[in-house]
Structure formats: structure tokens, C-alpha cells
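Good morning. I will take a few minutes on the pockets and the ligand, and then stop.

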Amino acid sequence: MPRRHDIAAIGGDGIGPEIITEGKRVLEAAGERYGFGIRWKDLDIGAERYLRTGELLTEGDLATLGTCRAIYFGAIGDERVKPGILEKGILLALRFHFDQFVNLRPVKLLPGVWTPLAGKGPADVDFVVVRENTEDFYVGIGSRFRKEERKTLEVIRSLYRVKFGVDAESDAEEVAYQIGVITREGARRVIRFAFEQAIRRARAAPKVTSVDKANVLTEVYGLWRDVFSEVAAGFPGVSSEFSFVDAVTMWFVKNPEAFDVVVTPNMFGDIITDLGAMIQGGLGLAPGGNINPEGTSMFEPIHGSAPKYRGLGVANPVATIWAGSMLLDHLGEGEAAAAVLDGIVRAIAAGVKTRDMGGQAGTSEVGDFIAAYLRGA
Ligand code: IPM
Ligand code: MN
């Protein structure tokens, strides 16, 4: 019996469906070559359905997604929907519901790809960011008030529950606040994952860098640092260091070769991975995996839905195809995963590049090339 994987697919909005179509073709070709089948479960989730029915994620969606170990996700975001609704109601809701506590984002410059960093090449830009994915300011609790406020704010996770009672008064015209939450359990599991990544990457001198702002946000990131030091002590073969987030944006540009694994709370992880995407050649080339090692994980390009390119066939599918490679790796198809990444490198070498990379190829030509390469590999 050949192996078979059930994979959920969500094209979503804007260019999402086009790039997921290419990603699916590439993964199917990898399956033919490496002896596994894929049963896709396609879900109609995104702006269109929301505008039609008012639904963001239904119980039925979550039940279907929960039967799969992996979700292949395109993008969400639509100019007809107020910012925040789809992002919080779909993307963040999925990350939290499935407790995908790691957001793994490789920052790797592939051969033949232009980087804005003068004098740097593929040997210099090759690290991974492990972004915590369920805590920090992303927990989304807070409020706006005038004069006074009495409120209960709750964070409910599979790992724990936290409840805050707010009792505030003010003579300011209006007050807004938002609470960032770090827990010992939440920090510990993601930092451990980062050290395990360092071991898996097996560099000559494995290293994990913690990125935070413990000099100002001393409570949340003070706890983060304590946990980092405790976890680091259990990995004597991996060196460790702290860096403040403002400084790390400078080092990513000046000395990207100094990094191996970077681990960071959610919001700084969001910010520094867009910078990471630029130094690896642009958002069209940056993949990410939202990982729960024991549950349902989700793989996506880190770029958004780019509505102005929708339906034009010009979007770069590489970030999505690369996310597909990470998905295969997650499912234990390591050889196929490596071949997909190799296919991306070959496409670039052959000049099969979309416009954002200075080429002429359309979205499906890139998918065609990589799928054909895999079938013949
Ligand atoms: C990302 C995105 C999301 C985030 C948005 C769309 C909610 O920017 O995946 O980096 O902030 O995490
Ligand atoms: Mn982002």
C-alpha cells in the first residue's frame, strides 16, 4: 500500500487560490516521484464566503481541518472587508485553535536570487526564525474606554487559561490598552523547539539567539529571558545569546551570517521576518510553517493576498511551493521536501522566474517547470 496523506487546502483570497493551485500540482508531482498519494480536502474559507454568508470559520471547517495533520494555506485579505476581521477571524483563529505554537520561518537566500545586501550571498544568509505564535500582544485582549472601566479579560488556550480583572479609571480624554501575555509554559515549549532546530540544522557551531526587548518590557520579556536561560542550560552543545529587537534589525542587514536559529516572541517575530524576507530576495520567496508537533500544522507563504494581482497569473508561487516543501518535511517526506526545494533552485537557474524576480514567467509556468523537474528527477 502506498502512503497517503490527507492535506487540507485553503486558497483564500486575492492571489491565494492561484498560488495554492501551483503548490498542489508540485506536491502531487513529488508524490508520484517519491511514492505517496495525497487526498486533498478543499475548503472554501475567505472573504467571498464571509461576504456571502457572514461566516469566518465554522464548526464544520474546524472539524474537517482537525482530521488532517497539515493545512496548505494561500492567503487572506480583501479590500471589501475591514482590516482585522479576516486576519483575526481566520488566520489567527486557526493558529490559536490548533495551538500552532511555532511559526517557523526560514531566511535563506537561494543561489541566483538577488539580495539588497551588498556583498552577501547564499552562504551568508541562511538562518531560521522560530516565532512564538500564540502569545504576546497577539492574544488580542484589551479595550478602549473613557473615564472608567470594569472588565474581565480572558485568554483560553489548550495549555492554560488566564483571567484578568480590569478596574481602571482615568481623567484622560480616552484610554486604550492591550495586554501582552507570556507564560512560562508557552515560552518553554517554543524555546525548546528552537534549540532542537539548532541541533537538527547541525551547523559547525550551533547557536540560538533570543530576540526581545527585556530592557523596556521587563515583565513579559524578563520572564521570556529567564525561561530562555533555563532551557539553554539543558543544551550544552548549543551556544546561546540575547539580542534586543532594535539591534537585531541592524545585525540582519550588517552580519546575517552571524545567525543560525533566532527565537522570539510573536510580535517581534512578525516584524523581523518581513525584514528576513527582503534579505532573502523578497516576499515572493518567503515561506512559513505554523507548527503544532502533535496536532494540525499549517503551511503558508508569509506574504498576503496581493489583491491587485488577483487573476493576472503573474504572482510568484515560490513562497507557497517552498511552504509545500516544509509541509512535506513535516509529514516525514524529507526526500521529497528536499527535491521540491531543489526544483525551485533549478527553476531559478533556468531563468523561470516571475516579474518580481526580474523574469517574465507566469505563475503556472513556474509550477509547470518544478512539477516536470520532480517527475523526471
Ligand atoms: C504574518 C501576517 C499576520 C501576522 C497577519 C496577517 C495577521 O502578517 O503571518 O506575518 O501578523 O501574523
Ligand atoms: Mn507579518
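A pocket, as I use the word, is an open set of grid points with protein on both sides within 12 Å along at least five of seven lines. A volume is the space filled by probe spheres set on such points. Please keep in mind that this is a predicted model.

By that reckoning, the second largest pocket has a volume of about 510 Å³. Its lining counts 28 residues, and E87, L91, L92, R95 and Y138 are the ones nearest the centre. Helix α4 supplies the largest share of that lining, 6 residues. By class, the lining holds 13 nonpolar, 5 polar and 10 charged residues.

What occupies the second largest pocket? Ligand 1 takes up that space. Around ligand 1 we find E87, L91, R95, R105, R131, Y138 and D270. Of this shell, 5 residues are charged, 2 are nonpolar and none is polar. Helix α4, residues 85–97, again appears, giving the most to the shell with 3 residues.

Now the contacts. An oxygen atom of ligand 1 lies 2.5 Å from an N or O atom in the side chain of Y138. For the side chain of R105, the corresponding distance from a ligand oxygen is 2.8 Å, and for the side chain of R131 it is 2.8 Å. On its own, ligand 1 would expose 320 Å², and the protein buries 76% of that.

Last, the largest pocket, with about 720 Å³ of space. Of its 26 lining residues, L104, Q197, R200, M326 and D329 are closest to the centre. Here α5 gives the largest share of the lining, 7 residues.

Note on methods: Residues are numbered from 1 along each chain as its sequence is written. Chains are lettered from A and ligands numbered from 1 in the order in which they are written. This is a predicted model: local features need pLDDT of at least 70, side-chain atom pairs count only at pLDDT 80 or more; totals for chains, interfaces and linings use all residues. Side-chain values use heavy atoms; hydrogens and water are left out. A residue is near a molecule or strand if one of its heavy atoms lies within 4 Å of it. A polar contact is a pair of N or O atoms within 3.5 Å; within protein, one must be able to donate a hydrogen and the other to accept it, and residues adjacent in sequence count only if both atoms are side-chain atoms. Accessible areas come from the Shrake-Rupley method with a 1.4 Å probe; for residues, only the protein chains shown count as cover. On a 1 Å grid over the protein atoms alone, a cavity is a set of points where a 1.4 Å probe fits but cannot get out, and a pocket is an open set with protein on both sides within 12 Å along at least five of seven lines; lining residues have an atom within 4 Å of a point. A molecule sits in a cavity or pocket if more than half of its atoms lie within 2 Å of its grid points. Helices (H or I, at least four residues) and strands (E, at least two) are DSSP runs, numbered from the N terminus. Ala, Val, Leu, Ile, Met, Phe, Trp, Tyr, Cys and Pro count as nonpolar, Asp, Glu, Lys and Arg as charged, and the others, Gly among them, as polar.
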